[in-house]
Protein chains: 2
Amino acid sequence: MGSLHEFENKSVSPIKPLDSEEFRRQGHLIIDFIADYYKNAEKYPVRSQVEPGYLRKRLPESAPYNPEPIEAILRDVEQHIVPGITHWQSPNYFAYFPSSGSTAAFLGEMLSTGFNVVGFNWISSPAATELENIVMDWIGEMLNLPKSFLFSGNGGGVIQGTTCEAILCTLTAARDQILRKIGRENIGKLVVYGSDQTHCALQKAAHIAGIDPKNFRAIMTSKSSSFCLSAEALQETIKSDIEDGLIPLFLCATIGTTGIAAVDPLQPLCEVSKRYGIRVHIDAAYAGSACICPEFRHFLDGIENADSFSFNAHKWFFTNLDCCCLWVKNPSALNQSLSTNPEYLRNKASDTKKVVDYKDWQITLSRRFRALKLWLVLRSYGVGNLMNFLRSHVKMAKHFEELVRSDKRFEVVAPRNFSMVCFKVSASSTLFKHENDDNEKQKKSNEETETLLEKINASGKACMSHAIVGGMYVIRFAVGASLTEEKHVVGAWKVVQQNLNAILSSNPM
Amino acid sequence: MGSLHEFENKSVSPIKPLDSEEFRRQGHLIIDFIADYYKNAEKYPVRSQVEPGYLRKRLPESAPYNPEPIEAILRDVEQHIVPGITHWQSPNYFAYFPSSGSTAAFLGEMLSTGFNVVGFNWISSPAATELENIVMDWIGEMLNLPKSFLFSGNGGGVIQGTTCEAILCTLTAARDQILRKIGRENIGKLVVYGSDQTHCALQKAAHIAGIDPKNFRAIMTSKSSSFCLSAEALQETIKSDIEDGLIPLFLCATIGTTGIAAVDPLQPLCEVSKRYGIRVHIDAAYAGSACICPEFRHFLDGIENADSFSFNAHKWFFTNLDCCCLWVKNPSALNQSLSTNPEYLRNKASDTKKVVDYKDWQITLSRRFRALKLWLVLRSYGVGNLMNFLRSHVKMAKHFEELVRSDKRFEVVAPRNFSMVCFKVSASSTLFKHENDDNEKQKKSNEETETLLEKINASGKACMSHAIVGGMYVIRFAVGASLTEEKHVVGAWKVVQQNLNAILSSNPM
């Protein structure tokens, strides 16, 4: 490649980068390519089976000097990229949390990519801002959020990329609100609270925002309280911090934790927080969407005393990555921390203060027109279907749970609140009857579960992931991929059983 | 909408959110829709002409309960969204910096959206990580970056969303490197440096990272030094800060400032910074791509002494939003600040430490497969065409500059380094011959330039933006939209002249 500049005077055939007829031709090719991918999604091994470094061996050492036709590129995608993909859109994908794409969201993303506007403020593309205002109010109402979180109630919603950004923004705003009162020199005294089940995004956000890492509290949870954060434990921790001269700042409560989809009790947690002037963010990244169904809405009871709430439409709301919906009660606190007003962005509309400039609601200046994909999802499916999609996943998870319970070699390790089942090889199973010690049984059953999971994923027939909670190694089976049907869940259960059988027959315990 | 839950038992026609044949049908519709949009891009008023609040009046108050057909949605996009868009893809768009989309990048984004993988670590989709490693090395070599910035030289590149994130990440890493040495309690002493021309992203990143706002230095530049940051001024500021007991931390130097595309002199700035142990980030958001052309590469001379470098492929590199390419010399410093290792993400590949886990290179955990679009851009056009695209924009800007210089009523206010011309109604023009005072002439010419810009943008025939540098209100004319041809530049100049003529004839000075 050092020799690339040698070619600088070589003639190349002129190309227009945005010729509409070539766009049309190539666009149709890709649509068919992706449609075929979905049609065949089931056929690929779900977890990629490549070895580290596989791709360098297959691709050239430097960028081509001359253009290559789209047909050749697509062949390479098929031959070299697809094998390196873990197929999150496969109907047999049950790992982590779902990345539930949909046709509607895909189309919305295409429109957004096509218009390619940089909607940092209102004037840079009024529709991008206004559609976001509108769909965030729509979804806020679908979730029955308190009016104070909506634009119509002087709060407001914004689409962030991910929960990590949502937390960093709300935490920074909370930090500045308190530092304005107590003085910046006290930044080293601020304390951030979560549980040992809270997503690592909280700790990372606190770190980035300059909170002293030793002032980050991951309060212990336990199996007896279903791994939820207890208000009593929070209060005790706060008291102890105050006694030590520290200043409680921020709590992140979770609806649907990453490990086992536990639900922190908002009502008492918000009450305790309020008492100590702590700002509360509710992270419902995975499970928030389910709360559009009346039967799940009770999990948000108590939200009226929180300061902000977010969920990832790109997880379990049929909206392709990335799309995190964040609502705040106090946009001006966010804006005070995050606004910038360089001359080159000044304009009459912003000067009137009558428009929303979303650059002041987020970390970045440039922002994509993400509202389009949410709008297309809401309109293409309608609220009725969206509730039905979510319910069908919950129903499938329930069925899987029954299947697990019907096999005495397994146990379900925590209550199933949504569409995720956490299970393991049971420590009390007869498989471990030769162990006398309970700890030893748990250890063996953990090892067995880990081996089982690796075998399942290596088979390529289904993909699941794991967590360790309360000393238990558990398999997380999250239903939510858009192509998943009942038969895939039943099939996945067979894969689990077959692999345990294979382990037992090759190495009887 | 409060009544939405009334409908919960209404039956809705079942829909599959990712049916491949429906995906195909609707996908083809949208491709034609967007191809037609590009074909007609020229016909729309460039800057949107809607009034604040226009969209709420046109859309329903709540999300629909029942699905709506894509044909109806597309009609609404045409009727209600397109009028609210400022057409960054229009050939007559010259505002801010370009958002130069391309067919190749669009296709790459479609593939990425279609696969919809969440590539936080290697195992979650090895191809996403490995292709990013590869294309970042490719582009690094195209830019002739020092080997120390490439994976092949123990540095490495990562695709961030925007420069704001790139700066926040590198600044956080620098902060932690120094705090580990001097103790966290000294966070209030850290100082961040830029010039009064540095993008506001630096100040915002410093603020988020907990740097005391009073320790942010926007060092003055002046017309005499073409609005570049001088190494002498930097050194004096640093010395004065050290005398005050403060600790210099971080410098952001810019290649192609937002205001007038000034180029800070890297060599002396890096030397001064090195002397004081300051980390240097180079923000080449707009102009970095041009440095793939040998005739522009000299602007990066001195980069070997910097710590990190970024440019936005979504600005002037034919890659749809968002795509910021960041290279760092010391990935482990970045990883030390940004890594998280929750059990639920543990896996054998990461445990070997032989793979890159990009979650540890950025703020967010979830990340899209952005490398696909860069890969498609590089392959579909080839390095030769990419250089030619950039040169054709520079050539058009040169032509525009000549046109401005040929009309004595205007002046070009700063050297044109790339594809942007900054001009204004000349204070020394005979238009202001009745003013005796030079300041008064400048003031009048500023007002006239502002009025002119507003008239141009209100006409819808071309879109430009502004900056204020050294007390001068200037119009920024940035060539770079992918559809722009010579005729559009000539046409835009006519729009400028016609509007000045109209101002003069209605209100002779």
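**Exercise 1. Find the residue of β5(A) that is the bridge partner of A:Leu251, then work outwards to the whole sheet.**

*Solution.* Start at the residue: in this predicted model, A:Leu251 has A:Val280 as its bridge partner in β5(A).

Next, look at the strands themselves. β4 (residues 247-254) and β5 (residues 279-283) of chain A run parallel, and 5 bridges join them.

Now zoom out. These strands belong to an open sheet of 7 strands in chain A, ordered β1-β7-β6-β5-β4-β2-β3, and its pairing is mixed. At the edges you'll find β1 (156-160) and β3 (216-219) of chain A; each has a single partner strand, so one side of each has no neighbour in the sheet. Going from one strand to the next, the twist averages 20 degrees.

Finally, add a helix: α8 (residues 266-275) of chain A lies across β4 and β5 of chain A, at about 170 degrees to β4(A).

**Exercise 2. Work out the strand order of the open sheet of 4 strands in chain A, and say which helix packs on it.**

*Solution.* The order here is β8-β9-β11-β10 (chain A), and the pairing is antiparallel. β8 (410-412) and β10 (465-469) of chain A are the edge strands, each pairing on one side only. Neighbouring strands in this sheet are turned by 40 degrees against each other on average, if you ignore direction.

Take one pairing in detail. β10(A) meets β11 (residues 472-478) of chain A in the antiparallel sense over 5 bridges. Within it, A:Ile468 has A:Tyr473 of β11(A) as its bridge partner.

The helix is α12 (residues 371-405) of chain A: it packs on the sheet and touches β8, β9 (420-425) and β11 of chain A. Its direction makes about 15 degrees with that of β9(A).

**Exercise 3. Decide why chain A can be called as compact as a globular protein of its length.**

*Solution.* First, take stock: chain A has 14 helices and 11 strands. Its radius of gyration is 25 Å, close to the 23 Å that the globule rule gives for 509 residues, so chain A is as compact as a globular protein of that length.

Then look at the inside. Buried residues account for 68% of the 509 residues in chain A. As for contacts in chain A between residues at least 6 apart in sequence, 74% join residues at least 24 apart.

**Exercise 4. Classify two aromatic pairs of chain B, B:Phe94 with B:Phe477 and B:Phe410 with B:Phe423, as stacked or edge-to-face.**

*Solution.* A search over all chains turns up 56 aromatic pairs. For B:Phe94 and B:Phe477 the centres are 4.2 Å apart, with 20 degrees between the planes. Planes under 30 degrees apart count as stacked, so this pair is stacked. B:Phe94 sits in the loop between α2 (70-81) and α3 (103-115) of chain B, while B:Phe477 is in strand β11 (residues 472-478) of chain B, 383 residues apart. Both residues, B:Phe94 and B:Phe477, are buried.

For B:Phe410 and B:Phe423 you get 5.9 Å centre to centre and 65 degrees between the planes, which is edge-to-face. B:Phe410 lies in β8 (residues 410-412) and B:Phe423 in β9 (residues 420-425) of chain B, so the pair ties together parts 13 residues apart in sequence. B:Phe410 and B:Phe423 are both buried too.

**Exercise 5. Which charged residue sits over the ring of B:Phe97?**

*Solution.* It's B:Arg476, whose charged end is 4.9 Å from the ring centre. Over in chain A, A:Arg476 lies over the face of A:Phe97, at 4.9 Å from the ring centre.

Notes:
Residues numbered from 1 in each chain as written. Chains lettered and ligands numbered in written order. Predicted model: local features only at pLDDT ≥ 70, side-chain atom pairs only at ≥ 80, totals over all residues. Heavy atoms only, no water. Phe/Tyr/Trp six-rings, centres within 6.5 Å; stacked < 30°, edge-to-face > 60°. Helix = DSSP H or I, 4+ residues; strand = E, 2+ residues; numbered from the N terminus. Buried < 20%, exposed > 50% of the residue type's maximum accessible area, 1.4 Å probe, protein only. Lys NZ or Arg CZ within 6 Å of the ring centre and 35° of its normal. Pairing = 2+ DSSP bridges. Axes fitted to C-alpha atoms, helices over the stretch in contact; angles between N-to-C directions. Contact = heavy atoms within 4.5 Å. Rg over C-alpha atoms; globule rule 2.2 N^0.38 Å.
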